Amino acid sequence: MKVLKFGGTSVGSVQSISCLKKIVENEAGKQPVIVVVSALGGITDQLLATAKMAQQGDESYMAQLQVMRQRHHSMADTLVADRSKHDTLATVIDTLFDELKSIYYGVYL
């Protein structure tokens, strides 16, 4: 069994995620794999920044949260061709961002 860990720029764009996918498929053809990925490139910094905005009472955290949500949807739109899988992923993205929105609102208050 092999553990593959990807982060930073390797999950920062559609092109890099496509390369990551090829690596995983190649390794999975040889042996069982576990894949660990971090947040999309730049998202961790955006999460910290928007949390700070909310903490400081800056309502612009909501717009930044929407930008992050849209980035995840754009990646899914480009990378997931199977309609059923895409729709499932879109629902997961929205559910998690709705939860994050609630947390940020609590911080804002």
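A salt bridge is taken here as a side-chain nitrogen of Lys or Arg lying within 4 Å of a carboxyl oxygen of Asp or Glu. By this rule, six salt bridges are counted in the structure shown above, which is a predicted model. The passage below begins with the overall layout, returns to these charged pairs, and then turns to one helix and the nonpolar core.

The secondary structure of the protein consists of four helices and two strands. Read from the N terminus, the elements follow the order β-α-β-α-α-α. Along the principal axes, the C-alpha atoms fill a box of roughly 50 × 25 × 20 Å. The protein has 109 residues, of which 24% count as buried. Its exposed surface comes to about 7,100 Å², and carbon and sulfur atoms supply 59% of that area. Among contacts with a separation of 6 or more, 66% are between residues 24 or more positions apart.

Two residues help to give a feeling for distances within the chain. N26 has its place in helix α1, where a relative accessibility of 43% makes it partly exposed. Between the C-alpha atoms of N26 and T44 there are 28 Å, while the two residues are 18 places apart along the chain.

The salt bridges can now be taken up in turn. K2 and E27 meet through their side chains, with 3.2 Å from N to O. This pair links distant parts of the chain, as K2 belongs to strand β1 (residues 2-6) and E27 to helix α1 (residues 14-28), 25 residues apart. How buried or exposed are the two partners? K2 has a relative accessible area of 32% and is partly exposed. E27 has a relative accessible area of 11%, so it falls under the 20% limit and is buried. The pair also has company, since K2, E27 and K30 are linked in a network of salt bridges.

A second bridge lies within helix α1. Here the side chains of K21 and E25 meet, again in a salt bridge, at 3.2 Å from N to O. K21 and E25 are four residues apart in helix α1, so about one helical turn separates them. A general point helps here: an α-helix has 3.6 residues a turn, so residues three or four places apart point the same way. E25 is partly exposed, at a relative accessible area of 45%.

A third bridge joins R69 and D94, whose closest N and O atoms are 3.0 Å apart. Distant parts of the chain are linked by this pair as well: R69 sits in helix α3 (residues 61-79) and D94 in helix α4 (residues 83-108), 25 residues apart. R69 counts as buried because its relative accessibility, 11%, is under 20%. D94, with a relative accessible area of 27%, is partly exposed.

Helix α2 makes a good next stop. This helix has 13 residues (residues 43-55), so at 1.5 Å a residue it should span 18 Å, and its end C-alpha atoms are indeed 18 Å apart. Which residues of α2 are buried? They are I43, T50 and A54. Viewed down the axis of α2, the buried residues fall within an arc of 45 degrees, so they line one face of the helix. On the other side of α2, D45, L48 and Q55 are exposed. The packing partners of the buried residues of α2 are α3 and α4. Just after α2, G57 takes a positive phi of about 80 degrees.

The nonpolar core completes the picture. In soluble globular proteins, nonpolar side chains tend to be buried together. In this model, the largest nonpolar core holds 18 residues, of which F6, L65, F97 and Y104 touch the most other members. The elements giving two or more residues to this core are β1, α1, α2, α3 and α4. Its largest share, five residues, comes from α3. What does Y104 touch, leaving out residues up to four places away in sequence? The list is L47, T50, A51, A54, Y61 and L65. Two of these, T50 and A54, have already appeared among the buried residues of α2.

Terms used: Residues are numbered from 1 along each chain as its sequence is written. This is a predicted model: local features need pLDDT of at least 70, side-chain atom pairs count only at pLDDT 80 or more; totals for chains, interfaces and linings use all residues. Side-chain values use heavy atoms; hydrogens and water are left out. Buried means under 20% relative accessible area, exposed over 50%, partly exposed in between (1.4 Å probe, protein chains only). The expected span of a helix is 1.5 Å times one less than its number of residues. The arc is that of the directions from the helix axis to the C-beta atoms. Contact means heavy atoms within 4.5 Å. Accessible areas come from the Shrake-Rupley method with a 1.4 Å probe; for residues, only the protein chains shown count as cover. A nonpolar core is a set of buried Ala, Val, Leu, Ile, Met, Phe, Trp, Tyr and Cys residues joined through side-chain atoms within 4.5 Å.
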